[in-house]
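The following exercises ask the reader to describe a protein fold from its model. Each task is followed by a worked solution.

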Amino acid sequence: MSDVRVRGAAARIRVVRPGELGAGEIERWRELRALSGAPANPFMEPEFTQAVGRVRSGARVAVIGGDRGGPVGFFPYERGPLGQGRAIGFGVSDSQGPVLSPEHSVTTGELLGACSLSSWEFDNLEAGGGLFVPDAAEAFDSPIIDIGQGYEAYEAVLRAGSPKFFRTTTAKERRLARQAGEVRFVFDERDPAALRTLMAWKSAQYRRTGRRDRFAKEWISALVRELAADRPDRAPGCSGVLSVLYVADRPVAAHFGLRSRTVLSCWFPAYDTGLAKYSPGLILHLRMAEAAAGAGIGLLDLGRGAAEYKDALKTGELRVYEGASVRRGPRAALYRLSREPSRRAHSFVRNRPKLAGYAQRALSQVGRLRDR
């Protein structure tokens, strides 16, 4: 336990496992998120941190607070070897950062020191996470779909801005129904078999494109199953939503994401490649946007990363950051030697579209060779 200063009053930073948070602390976390004014991204809710804590032994939360008025902040993280820290759920979490009261005066050095961290790495730091933003190496736009005015208003935006895309996608849906069978959509599917199908499609996609199969990591598979579990105590701030597009009662596209009351964070989309000519993934996303608007959701966060379908569907962007905060000391040099060359190489390729195209084709070739 470490002492820091918060507005001139002594406050302690208490480090706990996510499952050790008390009911009052969880409620205070939610209050601070509401006060932040940021979109209610489910990755930033205490339930996501608690779910990671059930599958990752290094998950921790720093509770920052004085003796009066409750905690003034929470800092979820994972601790690795030699005190190297990462954002909670690093590698799959699409929104990261501390949850802080406007009255806090904690510095990054004090916070990392109290957590015995030599560094803290992030790749989707929320724009409002001002404490760590100065340490960002790069900034990215994360595309979003604004459905706050209802699906009809969003559809009007698509018709005006991307008329060919919208006409083509809806025509493909009609043709799919004529040629393959009745098209049916379920926004919140509870069938575990549908989730298994989605995960199999996604693993095949990772291999096909030469990328690391996330579901080959048991903790990621376990986390998704944990968040998808059909339980009566599903948290309104962070619960899993499995959406499935069926044709003749056979799944042809699916998506698993996380939702709060007002935000659906898109996470794992995939489809049956045998029906690729019908663009079932695009049909699924339009149906998802319509159903989400009907459920009171105002924002779909498509997540960082370039993709043609995101460009076609988006109405705007949110800013996220990648980088690391590193404490001064001998381990700082070790971190930079181990991480910065790789980060700079990725950035060099990403920022040169022609080179990025070559890299993507090379990855796809690796995927084809792997599947032989």
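**Exercise 1. Determine how many helices and strands the protein chain holds, and characterise the chain as a whole.**

Solution. Step 1: the protein chain of this predicted model contains 11 helices and 14 strands.
Step 2: of its 372 residues, 49% are buried; a residue is counted as buried when its relative accessible area is under 20%.
Step 3: consider the contacts in the chain with a separation of 6 or more; 73% of them join residues 24 or more positions apart.
Step 4: the accessible surface is about 17700 Å², and carbon and sulfur atoms account for 50% of that surface.

**Exercise 2. Describe how helix α4 packs against helix α5, and state which residues make the contact.**

Solution. Step 1: two packed helices are described by the angle between their axes and the distance between the axes.
Step 2: for α4 (residues 151-161) and α5 (residues 163-180), the angle is about 115° and the axes are 5 Å apart.
Step 3: α4 contributes Tyr151, Glu155, Leu158, Arg159, Ala160 and Gly161, while α5 contributes Pro163, Phe165 and Phe166.
Step 4: sorted by class, the residues of this contact are 6 nonpolar, 1 polar and 2 charged.

**Exercise 3. Carry out the analysis for α4 and helix α8.**

Solution. Step 1: α8 spans residues 280-294, and its axis lies 9 Å from that of α4, at an angle of about 145°.
Step 2: on the α4 side, the contact involves Tyr151, Tyr154 and Leu158; on the α8 side, it involves Leu286, Ala289, Glu290 and Ala293.
Step 3: the class count is 6 nonpolar, no polar and 1 charged. The charged residue is Glu290, because Glu counts as charged.
Step 4: Tyr151 and Leu158 appear in the contact with α5 and also in the contact with α8.

**Exercise 4. Which residues line the largest cavity, and to which classes do they belong?**

Solution. Step 1: the structure has 1 cavity of 30 Å³ or more, and the largest cavity encloses about 40 Å³.
Step 2: its lining consists of Trp29, Phe43, Met44, Thr49, Pro76, Ile88, Ser95, Gln96, Gly97 and Val99.
Step 3: these divide into 6 nonpolar and 4 polar residues, with no charged residues.

**Exercise 5. Characterise the second largest pocket by its volume and lining.**

Solution. Step 1: the volume is about 240 Å³.
Step 2: the lining comprises 14 residues, and those nearest the centre are Ala40, Glu45, Gly237, Ser260 and Arg261.
Step 3: helix α1 (residues 23-36) gives the most to this lining, with 3 residues.
Step 4: by class, the lining has 5 nonpolar, 4 polar and 5 charged residues.

Key
Residues numbered from 1 in each chain as written. Predicted model: local features only at pLDDT ≥ 70, side-chain atom pairs only at ≥ 80, totals over all residues. Heavy atoms only, no water. Axes fitted to C-alpha atoms, helices over the stretch in contact; angles between N-to-C directions. Helix = DSSP H or I, 4+ residues; strand = E, 2+ residues; numbered from the N terminus. Contact = heavy atoms within 4.5 Å. 1 Å grid on protein atoms, 1.4 Å probe; cavity = no way out; pocket = protein on both sides within 12 Å on 5 of 7 lines; lining within 4 Å. Points joined across faces, edges and corners; volume = space filled by probe spheres on them. Buried < 20%, exposed > 50% of the residue type's maximum accessible area, 1.4 Å probe, protein only. Areas by Shrake-Rupley, 256 points an atom, 1.4 Å probe, with all protein chains shown as cover.
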